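Subject: Structure handover

Hello,

Please find below the sequence and structure you asked to take over. My notes on what was found follow underneath.

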Amino acid sequence: MSKQIICAGCGIPIQTEDETRPGYAPPSALERESVVCRRCFRLTHYNEVPDIAPTDDDFIRLLQRIGESDALIVYLVDIFDFNGSWVSGLGRFAGKNDILLVGNKIDVLPKSTNKDKLKRWLRRMANEYGIHPVDVLLISAEKGFGVRELAERMDEWRQGKDVFVVGCTNVGKSTFINRLISLYGLSNRKVTTSAFPGTTLNFIELPLAGGRVLYDTPGVINRHQMAHAVTYDELKIILPKKEIRPKVYQLNERQTIFLGGLARIDYMGAGRRSLVVYASNDLYIHRTKWENADALYKEQVGKLLAPPYHPEDFPELVRQDFSIDDEESDIVFSGLGWVSVKGVGATVRAYAPKGIHIIKRPSIIG
Ligand SMILES: Nc1nc2c(ncn2[C@@H]2O[C@H](COP(=O)(O)OP(=O)(O)OP(=O)(O)O)[C@@H](O)[C@H]2O)c(=O)[nH]1
Ligand SMILES: [Mg+2]
């Protein structure tokens, strides 16, 4: 039997028989030096939305394989959606392996963000989730910030072992891997990346010094992230592409802020205070009186309050109430952004599409 060919873009085994199944490539593609499946070809050249996504079984396999390995784990989180991109259960599966925690997409945070403070915040949150990383780093895989330093730390911490790059879908694992490919000439071909969650379908092996292996891995799917409630066109609006400009609102009691038509926050009181919205600059933010908010939403969702562009197919907004007892807290809409609320004693009501998480956390940018 001839050796199984693996797609250089997403890691799936290549087959040439069934166009409807994962890994299909036309027979002519096999003549190339490095073979990619049709899905990767289309994702890369036409930005087409893939019809094949990794399954939960893929992650169980992945986590088991990591648990059984003696390797360094480079764990990427999306700094724009820290809580939403957290992989629950990773600590348990990591076993004795060292974890290097990496906050990616640092380019979307305001430039004034204090990086040392942010790293301490990351470490504190990681500890609360039960993970004790050996090191915490911030990078922008897209822009290349901090990548070289991370590569050096990886080399120190791996102590001659293999490296797994893991994390939730869309945190930028493959974008980071491509940076390493360029930096060290690990391959003559880039792996596939896309704005759509679930791009990488299987382990992709790249050679490291000492005969060791660097693995790109399929991301864990967190269904409570906004990316799973929206269409590809909507996703392009809500994913910040550059530095977020925070929007500051001085609110009186009983005022409402809409984040497009995707989420909503009602400031109920007490007193006058500032709320700061951190979301993609392309997302329309609308402020109104609380008394008018329900009627406005009913009338304007999909129009003024958009995305969603097709409200008839969009889940209803579900409410969750919070009281702020810290100096400054963030109300996070997983994958859409967050609203920071200053001052003890505030009461807010937050709304997100059914199934999408809303959480309260200590402010990420204080
Ligand atoms: N702003 C910004 N976007 C990034 C960064 N790194 C990756 N992205 C974007 O995030 C999206 C996902 O990137 P991928 O590298 O495909 O993510 P992944 O973790 O490999 O995703 P899966 O293969 O689905 O698990 C793409 O749209 C990237 O352009 C970054 O540093 N900054
Ligand atoms: Mg990937």
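I start with a proline: P308 sits in the loop between α8 and β12. Please keep in mind throughout that this is a predicted model.

Backbone

The peptide bond that joins P307 and P308 is cis, with omega about 10°. One step earlier in the chain, the bond from A306 to P307 is cis as well, and its omega is near -10°. P307 belongs to the loop between α8 (290-300) and β12 (317-324). Two residues other than glycine have a positive phi. K105, in the loop between β2 (99-104) and α4 (115-128), has a phi near 70°. For R254 the value is near 60°, and this residue is placed in the loop between β7 (247-251) and β8 (255-259). R254 is partly exposed, at a relative accessible area of 36%. These places are listed because most residues other than glycine have a negative phi and most peptide bonds are trans.

Domains

The protein is divided into domain 1 (1-51), domain 2 (53-222) and domain 3 (237-362). Between the centres of domain 1 and domain 2, taken over C-alpha atoms, the separation is 25 Å. Domain 1 puts 16 residues into the contact and domain 2 puts in 15 residues.

Nonpolar cores

The largest nonpolar core holds 68 residues, and V74, Y75, L122, M154, F176 and L214 have the most contacts inside it. Strand β1 (residues 71-78) is the element that gives the most to this core, namely 7 residues. At least three residues come from each of domain 2 (53-222) and domain 3 (237-362). What does V74 touch, leaving aside its neighbours within four places in sequence? V74 is in contact with L100, V102, M154, V163, F164, V165, V166 and F176. There is also a second, separate core of 41 residues, which includes I238, L283, V301 and V339.

Magnesium site

Which residues coordinate the magnesium ion (ligand 2)? S174, through OG, and T200, through OG1, do so at 2.0 to 2.1 Å. S174 lies in helix α6 (residues 173-184), while T200 lies in the loop between α6 and β5 (204-208), so the pair ties together parts that are 26 residues apart in sequence. Are these two residues buried or exposed? S174 has a relative accessible area of 7% and is buried. T200, at 6% relative accessibility, also counts as buried. Both values fall under the 20% cut-off for buried residues.

Largest pocket

The space in the largest pocket comes to about 860 Å³. Its lining is made up of 41 residues, and E142, T175, T193, S194 and A195 lie nearest the centre of the pocket. Two or more lining residues come from each of α1 (38-46), α6 and α7 (232-238). Helix α6 contributes the largest share of the lining, 3 residues. Helix α6 is also where S174 of the magnesium site lies.

Regards

Definitions and conventions:
Residues are numbered from 1 along each chain as its sequence is written. Chains are lettered from A and ligands numbered from 1 in the order in which they are written. This is a predicted model: local features need pLDDT of at least 70, side-chain atom pairs count only at pLDDT 80 or more; totals for chains, interfaces and linings use all residues. Side-chain values use heavy atoms; hydrogens and water are left out. A nonpolar core is a set of buried Ala, Val, Leu, Ile, Met, Phe, Trp, Tyr and Cys residues joined through side-chain atoms within 4.5 Å. Buried means under 20% relative accessible area, exposed over 50%, partly exposed in between (1.4 Å probe, protein chains only). Helices (H or I, at least four residues) and strands (E, at least two) are DSSP runs, numbered from the N terminus. Domain bounds come from an automatic or database domain assignment. Contact means heavy atoms within 4.5 Å. Donors are N, O and S atoms within 2.8 Å of the metal (3.2 Å for Na, K and Ca); water is not among the atoms, so sites may look incomplete. On a 1 Å grid over the protein atoms alone, a cavity is a set of points where a 1.4 Å probe fits but cannot get out, and a pocket is an open set with protein on both sides within 12 Å along at least five of seven lines; lining residues have an atom within 4 Å of a point. Grid points are joined across faces, edges and corners, and a volume is the space filled by probe spheres set on the points.
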